[in-house]
Amino acid sequence: RGLGDVYKRQSIYIMKKIYNILALAAVTTGLSSCVNNWLDQTPSNGTPTSSAITNYNDARTAMYGMYDGLQGNSTYTQYYAARMFYYGDVRGDDMQARTQGMRTSSCYEMRYTADDAPNMWNIQYNVIRRANRLIEAVDNKTITDAENFQTELANIYNQAKVIRALVHFDLVKVYGMPYTYDEGASLGVPFVDKPLDRDAQPGRDKVADVYAKVVADLNNAIDSEALTVSKKAGEKQGYIDLWAAKALLCRVYLYMNKNQEAFDLAKEIINDSPYKLWTPEQYAEAWDKQDPNHTKEMIFELINNGSDDWADREGIGYLLNEQGYADAICTKSFVDMLQTDPADVRNEVVLPAMYDKDLKKAYGENPIFINKFPLGALGDMRLANLPILRLSEVYLNAAEAAAKLGGAAKAEGIKYLNDLLDKRTKTPTAKVSNAIADDEFLSKVLIERRKELVGEGQRFFDAMRNNETIVRYSSEENQGWHYSLLKESQSFDRTYTKALLPIPVSETNANPTLKAQQNPGY
């Protein structure tokens, strides 16, 4: 590109930064008089009060605001715009912050205290409030033209229930012990199922109770028969349909160790949904949203159509790209594991440094950058969509649940894993034999989860729910590309204090109930 284009892009960026600073100042001023600001957010920019959803157009606008909140923007990147992805990756053993001072460094290093920990609370409860406003408007019959839009409103209503379930599920993963730790007996997060008064001070529900309510929301939405049943992949791209609700419930069941339920749902999605796995020839290019095969496997993703949606240079695409901030990279141990099968097409979405001389000098030809949020045909990684639920995960859910069930389910699980491997590698020995031992089969499935879902924010949570030990490095000899970490953060399991985030100090200061329920060690 010419210098004129560079100057133009820089000027636009500077103007956007000025606008964001002014907007943030206005927001900060507006919130300074509030205590629990996560309880006092409006459902969208177009619906300013609790009584504003009075017609179908209001409801539709509020729905757009709800989805927008899932991502955030260049100011609020604490959810799927960036943090939910890198939180689930750099806290594991397959990805890391490249060096100190990166945006992902705090999550990776795990040096934080209650005063300066990453925040994964306020924005999430903001989204829940938006969903609850929609649900309340339908329940209270405040929508005056509801008779004319019964089908549409029922669909929006149940999408809101699924979103409410998704956000509570994410929150309880971040702030509560895994369900499998003690069958959900420990403290989770407040489950908020209605708009609360500004001075409300709810306490934390038990993990089991949060999960029960998440499952209830998802089953209610699924059983309502109001969600769109997409007949072709991508038909409701960017929105929750029946298959997305079922895929999310499948994931939730797996986290609860309800393996029969997870297995049955996974089979239904694989057999009956319009989604299909990408072929080996399609895999690398299909991450580009402009590719004709992109939606073939994407059950639910958040869409970035332009600067009104994206998180700009703070979004996950920019953080993971060498031509962006080159913030987080794959670990050497992960790269070594992936390269044990050179024929695996997943090697094609991990790229070496190609532009920066210092990076090329440091890492040589080693692939380090995840390319699941590519520049693509549009030439801008900030426009990449954000994958939340993919069919490949459903195949892996089926295989993992079957491995844990054993018996008759095992053979079906092996078939599902081999079906996935058929689409990922040409190496015959990569497939699993029916004679494989139960524990070896489960280990194989968990390794394939790491290979398949790297960069999608799942590794840390998978390790915690399965009671695995995260090993970054144990000595200088196997330190790889990791920089110096606290001894206790080099290798840890789910009992490590920093495995859970602290409830933000702003909330514990405002709410004595939450202050008394702060996570141990903070």
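These notebook entries record what I looked up in a predicted model of one protein chain.

**Entry 1. The chain as a whole**

I began with the secondary structure and found 21 helices and 8 strands in the protein chain. I then looked up burial: of the 522 residues, 59% are buried. For the accessible surface I noted about 21,200 Å², with 49% of that area belonging to carbon and sulfur atoms. I also checked how far apart in sequence the contacting residues lie. Taking contacts between residues at least 6 apart in sequence, I found that 72% join residues at least 24 apart.

**Entry 2. Nonpolar cores**

I turned next to the nonpolar cores. The largest one holds 148 residues, and Leu70 and Ile299 touch the most other members. Helix 6 contributes the most to this core, namely 14 residues. Apart from the largest core I found another, of 8 residues, which include Ala284, Trp287, Met298 and Val345. As background, I noted that nonpolar side chains in soluble globular proteins tend to be buried together.

I listed the contacts of Leu70, setting aside neighbours within four places in sequence. Leu70 is in contact with Tyr79, Tyr80 and Ala81, with Val127, with Ile163, Leu166 and Val167, and with Phe300 and Leu302.

**Entry 3. Met63 in helix 2**

I located Met63 in helix 2, which spans residues 56-71. Is Met63 buried or exposed? Its relative accessibility is 7%, so I entered Met63 as buried. Beyond four places in sequence, Met63 is in contact with Leu134, Ile156, Gln159 and Tyr239. I also looked up the separation of Met63 from Tyr157: the two are 94 residues apart in sequence, while their C-alpha atoms lie 9.0 Å apart in space.

**Entry 4. Helix 8 and the residue after it**

Helix 8 covers residues 207-223, which makes 17 residues. From first C-alpha to last I noted a reach of 24 Å, close to the 24 Å expected at 1.5 Å a residue. I then asked which residues of helix 8 are buried. They are Val207, Val210, Tyr211, Val214, Val215, Asp217, Leu218, Ala221 and Ile222. These residues lie on the same side of helix 8, because they cover an arc of only 155 degrees around the axis. The general geometry I kept in mind is that an α-helix has 3.6 residues a turn, so residues three or four places apart point the same way. The cover over the buried residues of helix 8 includes helix 6 (150-175), helix 7 (179-182) and helix 9 (242-255).

After helix 8 I came to Glu225, which sits in the loop between helix 8 and helix 9. Glu225 is not a glycine, although its phi is positive, at about 60 degrees. With a relative accessible area of 75%, Glu225 is exposed.

**Entry 5. Helix 10**

I compared the span of helix 10 with expectation as well. Helix 10 (residues 259-272) has 14 residues and reaches 20 Å between its end C-alpha atoms, close to the 20 Å expected at 1.5 Å a residue. Its buried residues are Asn259, Ala262, Phe263, Leu265, Ala266, Ile269 and Ile270. What do the buried residues of helix 10 pack against? I found helix 9, strand 2 (298-302), helix 15 (391-405) and helix 16 (408-422).

**Entry 6. Arg450 in helix 17**

Arg450 belongs to helix 17, residues 438-453. I checked its burial against the cut-off of under 20% relative accessible area. Arg450 has 18% relative accessibility and therefore counts as buried. Its side chain makes a polar contact with the side chain of Asp94, at 2.6 Å. Not counting residues up to four places away in sequence, Arg450 touches Asp93, Asp94, Phe334, Met337 and Arg459.

**Entry 7. Asn466 and Asn467**

My last look was at the loop between helix 18 (459-465) and strand 7 (470-471), where I found Asn466. The side chain of Asn466 makes a polar contact with that of Glu400, at 3.4 Å. Outside four places in sequence, Asn466 touches Glu400, Lys404 and Leu446.

Asn467 is also in the loop between helix 18 and strand 7. I noted a phi near 55 degrees for Asn467, a positive value in a residue other than glycine. Its relative accessible area is 46%, and I recorded Asn467 as partly exposed.

Note on methods: Residues are numbered from 1 along each chain as its sequence is written. This is a predicted model: local features need pLDDT of at least 70, side-chain atom pairs count only at pLDDT 80 or more; totals for chains, interfaces and linings use all residues. Side-chain values use heavy atoms; hydrogens and water are left out. Helices (H or I, at least four residues) and strands (E, at least two) are DSSP runs, numbered from the N terminus. The expected span of a helix is 1.5 Å times one less than its number of residues. Buried means under 20% relative accessible area, exposed over 50%, partly exposed in between (1.4 Å probe, protein chains only). The arc is that of the directions from the helix axis to the C-beta atoms. Contact means heavy atoms within 4.5 Å. A polar contact is a pair of N or O atoms within 3.5 Å; within protein, one must be able to donate a hydrogen and the other to accept it, and residues adjacent in sequence count only if both atoms are side-chain atoms. Accessible areas come from the Shrake-Rupley method with a 1.4 Å probe; for residues, only the protein chains shown count as cover. A nonpolar core is a set of buried Ala, Val, Leu, Ile, Met, Phe, Trp, Tyr and Cys residues joined through side-chain atoms within 4.5 Å.
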